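Trainee: I am new to this structure. Please take me through one part of it closely, and show me how that part sits in the rest.

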Amino acid sequence: MSDVTKEFELQTDKLLAHNYPCRKCGLETKHQTVSRYTERGAQYYGGHHIDWAESNEIIQCLGCEEVSFRKCSTNSESLDYNYKTGQPYYVETVAFYPGRALGSKVIDHWLLPWSIGEVYKEARTAIENELFIIGGIAIRSLLESICSDVEAKGRNLAKKIDDLHARSLVTKEGVETLHKIRLLGNLSAHAAKRHTKDQLMLALEVVEHILIGTYIIPARAKDTFKGLDEVKKLLAPDDQ
Ligand SMILES: [Zn+2]
């Protein structure tokens with residue numbers, strides 16, 4: 001038989017601010033800890049015991065004011081040593097909810113065609129939450145959805161990517177990256193191969209540029225200059 005003991009503590013004041021990644025700002029910013037609810041537990045069995053602590057925090061970015069959640073866990077089985085001081089310390093496992101990825105901001109996906117926006121959100125969420133095999137498959141699927149929507153020509157994805165370049169939707173350098181994304185999706189789908197977060201973030205960034213250029217800027221321009229089309233209609237051809 002084993003005995004488990006647990007205790008809980010709620011802290012709401014005298015909490016220090018820390019630098020954490022912010023999903024909305026796309027970079028590490030100072031966050032206020034609004035409240036912290038800590039569980040401390042121990043389990044005894046056969047003369048041995050394990051201790052753990054888990055702090056659950058509501059945090060708020062002091063830049064954009066976005067509120068999110070941070071969980072930090074430690075346990076007595078995961079000890080490491082600081083080789084400079086010789087002191088042991090508990091290894092922290094940290095998770096943020098919602099997940100987040102630095103270096104890239106979420107684009108205005110509500111301006112995308114519905115089905116492409118849905119694939120985009122899932123691809124991004126997978127990468128932010130470190131689901132790297134699914135993230136690779138989702139990015140390739142996003143690329144296929146774009147090719148299908150713009151009716152790119154070609155009997156396979158490789159030819160369709162070349163057609164995107166022929167139609168000036170992607171630069172020559174962009175095409176090379178898109179072919180890497182295509183291979184990335186193949187490996188994820190057929191060999192269940194994981195890619196690094198950096199590779200997937202770069203791939204996502206290239207696809208985001210296509211989405212911005214193909215859908216988001218035209219949608220914004222249409223909205224911003226909508227009065228101009230009316231003026232053009234009123235002007236004589238020589239005045240245009
Ligand atoms: Zn922020």
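Mentor: We start with the whole protein, then look closely at helix α5 and end with the loops.

This is a predicted model, where local features need pLDDT of at least 70 and side-chain atom pairs count only at pLDDT 80 or more, while totals for chains, interfaces and linings use all residues. Residues are numbered from 1 along each chain as its sequence is written.

The protein has six helices and eight strands. Helices (H or I, at least four residues) and strands (E, at least two) are DSSP runs, numbered from the N terminus. The order from the N terminus is β-β-β-β-β-β-β-β-α-α-α-α-α-α. The C-alpha atoms fill a box of roughly 90 × 45 × 40 Å along the principal axes. The radius of gyration is 25 Å, whereas a compact globule of 240 residues would have one near 18 Å. That radius is taken over C-alpha atoms, and the globule rule is 2.2 Å times the number of residues to the power 0.38.

Of the 240 residues, 19% count as buried. A residue is buried if 20 or more other C-beta atoms lie within 10 Å of its own, exposed if 12 or fewer, and partly exposed in between; C-beta atoms are placed from the backbone.

Now for α5, which spans residues 197–224. Its buried residues are Leu-200, Ala-203, Leu-204, Val-206, Val-207, Glu-208, Leu-211 and Tyr-215. The cover over these buried residues includes α1, α2 and α4. The helix also bends by about 45° at Ile-212. The bend is the angle between axes fitted to the seven residues ending there and the seven starting there.

Gln-199 is in α5 too. It is partly exposed because 18 other C-beta atoms lie within 10 Å. Its C-alpha atom is 9.1 Å from that of Leu-184, 15 residues away along the chain.

Next, the core. The largest nonpolar core has 29 residues, and Ala-123, Ile-139, Leu-142, Leu-143, Ala-203 and Val-207 touch the most other members. Helices α1 (114–128), α2 (132–149), α3 (157–166), α4 (172–191) and α5 each supply at least two of its residues. Such a core is a set of buried Ala, Val, Leu, Ile, Met, Phe, Trp, Tyr and Cys residues joined through C-beta atoms within 7 Å. In soluble globular proteins, nonpolar side chains tend to be buried together.

Take Ala-123. Beyond its neighbours within four places in sequence, it is in contact with Gly-135, Ala-138, Ile-139, Leu-142 and Leu-204. Contact means C-beta atoms, placed from the backbone, that lie within 7 Å.

Strand β8 (residues 93–97) has five residues, and zero of them are buried. It pairs with β5 (residues 67–75) in the antiparallel sense over five bridges. Strands pair if DSSP finds at least two bridges between them. Across this pair, Phe-69 stands opposite Tyr-97 in β8.

Last, the loops. Pro-98 lies between β8 and α1. The peptide bond from Tyr-97 to Pro-98 is cis, with omega near -10°. Glu-151, in the loop between α2 and α3, has a positive phi near 55°. With 9 C-beta neighbours inside 10 Å, Glu-151 is exposed. Ser-168, in the loop between α3 and α4, has a positive phi near 60°. Ser-168 is exposed, with 8 other C-beta atoms within 10 Å. Most residues other than glycine have a negative phi, and most peptide bonds are trans.

Key: Two residues are in contact if their C-beta atoms, placed from the backbone, lie within 7 Å.
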